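Hi,

Here is the structure I promised to send over. Have a look at it first, then read my notes below.

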Amino acid sequence: MNIVSICALAIVSSVLSIALKRHNQELSILISIGAAIIILLSVIEYILSSIDSVSSILAKANINSAYVTILLKVMGICFLTEFTCDYTKEAGLVALSGNIALAGKIIILITSLPMFSEVLNIVVKLSGGELSD
Amino acid sequence: MEVDMIFKIAAIGIIVAILNQLLIRSGREEQALLTTIAGLIVALMMIITQISDLFSTIKTTFGL
């Protein structure tokens, strides 16, 4: 599904969603969510191939593979929270989308904690180890 | 891909809107509300299967 059909789908579903907005708002937002899901599902295949190439390059540069998994996890969390935030905001629930963004940030912080300690160790090693204790 | 799903939901919306007006004009407000809720449930069920597909794909791709 190339970009042309994605844009056509987006335009058609936005017109349909606006057409239904006056009669029942629920179905209009369902149409926009359905269109977004179809677009994202078609784009995800490209992400898969790029992830394999990136991880093979990182493996060649002998970077620890734990970081790659953390990186992927954080990207997935960002992807999901962004999708949910946008759609809760479009439904008009601004507070809920703010809460979801906050929850996503906290989860990302927690999943990337091991990287922070690793960076600190590197900094300590670089600075000759005086700061370690 | 399930492009026709969007048109199905739009069709449900239009039919429910028309039925709603029809039933309201003929004095049966409760049945109008019931048809609206029924249409909403049908569309919601279709969307939920799509959402679960998307989320499981994301889970497998990003290893969440």
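Across the two chains, the count of residue pairs in polar contact between chain A and chain B is 0, taking pairs with both residues at pLDDT 80 or more. Keep in mind that this is a predicted model. Salt bridges don't turn up there either: the rule finds 0 of them across the interface of chain A and chain B.

So what does chain A bring to its side? By class, the side of chain A that touches chain B has 24 nonpolar, 6 polar and 2 charged residues. Helix H1 (3–21), helix H2 (25–60) and helix H3 (65–90) of chain A are the elements that each give two or more residues to that side. H2(A) gives the most, with 16 residues.

As for the contact as a whole, 32 residues of chain A are in contact with 29 residues of chain B. The two chains bury about 2,600 Å² between them, and 89% of that is on carbon and sulfur atoms. Three residues to click on are Leu30(A), Ile38(A) and Leu41(A): they supply 20% of the area that chain A buries against chain B, more than any other three residues.

Now for a spot inside chain A. Helix H4 (residues 94–111) and helix H5 (residues 113–126) of chain A pack at an angle of about 45 degrees, with their axes 4 Å apart. That angle makes H4(A) oblique to H5(A). Where they meet, Leu109(A), Ile110(A) and Thr111(A) in H4(A) face Leu113(A), Pro114(A) and Phe116(A) in H5(A). By class, this contact has 5 nonpolar, 1 polar and no charged residues.

Cheers

Key. Residues are numbered from 1 along each chain as its sequence is written. Chains are lettered from A and ligands numbered from 1 in the order in which they are written. This is a predicted model: local features need pLDDT of at least 70, side-chain atom pairs count only at pLDDT 80 or more; totals for chains, interfaces and linings use all residues. Side-chain values use heavy atoms; hydrogens and water are left out. Contact means heavy atoms within 4.5 Å. Buried area is the accessible area (1.4 Å probe) that two parts lose on being put together, summed over both. A salt bridge is a side-chain nitrogen of Lys or Arg within 4 Å of a carboxyl oxygen of Asp or Glu. A polar contact is a pair of N or O atoms within 3.5 Å; within protein, one must be able to donate a hydrogen and the other to accept it, and residues adjacent in sequence count only if both atoms are side-chain atoms. Ala, Val, Leu, Ile, Met, Phe, Trp, Tyr, Cys and Pro count as nonpolar, Asp, Glu, Lys and Arg as charged, and the others, Gly among them, as polar. Axes are lines fitted to C-alpha atoms, for helices over the stretch in contact, and angles run from 0 to 180 degrees between N-to-C directions. Angles under 35 degrees count as roughly parallel, over 145 as roughly antiparallel, 65 to 115 as roughly perpendicular and the rest as oblique.
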